[in-house]
Amino acid sequence: MPALMSDTETIARQFIQALPHSRALGMELVSIGEGVAVMAMPYNPELVGDPQTGVIHGGAVSALMDTASGTAVMCHPQAGFSTATLDLRIDYMRPATPGQTIRARAECHHVTRTVAFVRAVATDDDESRPVAMATGAFTVERAER
Amino acid sequence: MKRPEPVAVVKQRREGLLRALVDEVPYIRFMGIRFDRRGDELTAVLPYRDDLIGNPVLPALHGGATAGFLEIAAMIELAWSTLWEGVEAEGALPQGPLRLPKTIDFTVDYLRAGLPRDAYARARVNRSGRRYASVHVEAWQDNRARLFAQGTGHFLMPGSGTAK
């Protein structure tokens, strides 16, 4: 259903642009599918955690992972219209290369009546070596409740 | 017995160490995080700003802003507590730029929605070895006893990573 998909994408895009903190960090929605979201965060010197190397701080990467994960939950057909993070664990595998955009691909891989489970991977230009990985649990909000 | 140091000297040294750890990090400035110090006890403060909001409908703090705040609080507490003894004994900051610990992993537990107001966090170093450290951090807003988030992270101590 391409028409429906593009409507969903428009709504999702508007929703993401309306999240003040995501906007402050310069995040952009790259693509969404059923239970999948890809978001990008261009390099910004204001987000550096280590001034000696120019590497982006983990906190900003966490925010990107959290936003991509929440978006993945919201565009899962069984997960409903809204969500909140219950917990999110991030493993930092290597520093992101300074100057490069960080991309996070989140996948909502399982949904119960009450909880959505997500995993996410963040990469820079070298997509073969992940920068960080995340696993999280999110709330499932349903309109009928 | 040695005469106690003048209080101004003590305060200047301790504030100097805190500033050396915090002031050079752009992301801490971006978030607007500052640290209150009472002796060796640090409280991280995240003053409320509209651009920290995630869900504008509620409104609630962005989970990513909360995560970043907790990670900063944990990381600075770890660096601070590691350097404290040496700086107090030497009466001066170590030579050269201070390196912060590197985060290995960080887990955030969201207990309730972050309200659109100031947030506070205190971290506790549960284990600090030569190479690795484990730090727990708790964050609250109105009531110290009603946490809105907590986190645990593992960190690599500066200078223990790649062989040089």
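A residue counts as exposed if 12 or fewer other C-beta atoms lie within 10 Å of its own. Keep that cut-off in mind for the first close-up of this predicted model.

**View 1. A:Arg129 sits in a loop of chain A.** Here we look at the loop between strand E7 (115-123) and strand E8 (132-139) of chain A, where A:Arg129 has its place. Is A:Arg129 buried or exposed? Because 10 other C-beta atoms lie within 10 Å of A:Arg129, the residue is exposed. For a sense of scale, take A:Leu25 as a second point: A:Arg129 and A:Leu25 are 104 residues apart in sequence, and their C-alpha atoms are 23 Å apart in space.

**View 2. Chain A touches chain B.** At this interface, 31 residues of chain A are in contact with 30 residues of chain B. On the chain A side, at least two residues each come from helix H2 (20-24), strand E3 (48-50), helix H3 (58-74) and strand E5 (85-92). The largest share belongs to E5(A), with 8 residues. Sorted by class, the side of chain A that touches chain B holds 15 nonpolar, 10 polar and 6 charged residues.

**View 3. E5(A) pairs with strand E5 of chain B.** Moving in on the strands, you can follow E5(A) alongside E5(B), residues 102-110. The two run antiparallel and are joined by 5 bridges. One spot to look for is A:Asp91, which stands opposite B:Asp105 in E5(B).

**View 4. Helix H3 of chain B has a kink.** H3(B) covers residues 63-90, 28 residues in total. How far apart are the end C-alpha atoms of this helix? They are 40 Å apart, and this agrees with the 40 Å that 28 residues should span at 1.5 Å a residue. Along the way there is a kink of about 40°, centred on B:Trp84. Just after the helix comes B:Gly91, with a positive phi near 75°.

**View 5. Chain B as the setting for the close-ups.** Stepping back, chain B has 3 helices and 8 strands, and along the sequence they follow the pattern α-α-β-β-β-β-α-β-β-β-β. The C-alpha trace spans about 60 × 40 × 30 Å along its principal axes. The radius of gyration of chain B is 17 Å, which agrees with the value near 15 Å for a compact globule of 164 residues. Buried residues make up 35% of the chain. Among contacts in chain B between residues at least 6 apart in sequence, 64% join residues at least 24 apart.

Definitions and conventions. Residues numbered from 1 in each chain as written. Chains lettered and ligands numbered in written order. Predicted model: local features only at pLDDT ≥ 70, side-chain atom pairs only at ≥ 80, totals over all residues. Helix = DSSP H or I, 4+ residues; strand = E, 2+ residues; numbered from the N terminus. Rg over C-alpha atoms; globule rule 2.2 N^0.38 Å. Buried ≥ 20, exposed ≤ 12 C-beta atoms within 10 Å, placed from the backbone. Contact = placed C-beta atoms within 7 Å. Expected span 1.5 Å × (residues − 1). Bend = angle between axes of the 7 residues up to and from the residue. Nonpolar A, V, L, I, M, F, W, Y, C, P; charged D, E, K, R; others polar. Pairing = 2+ DSSP bridges.
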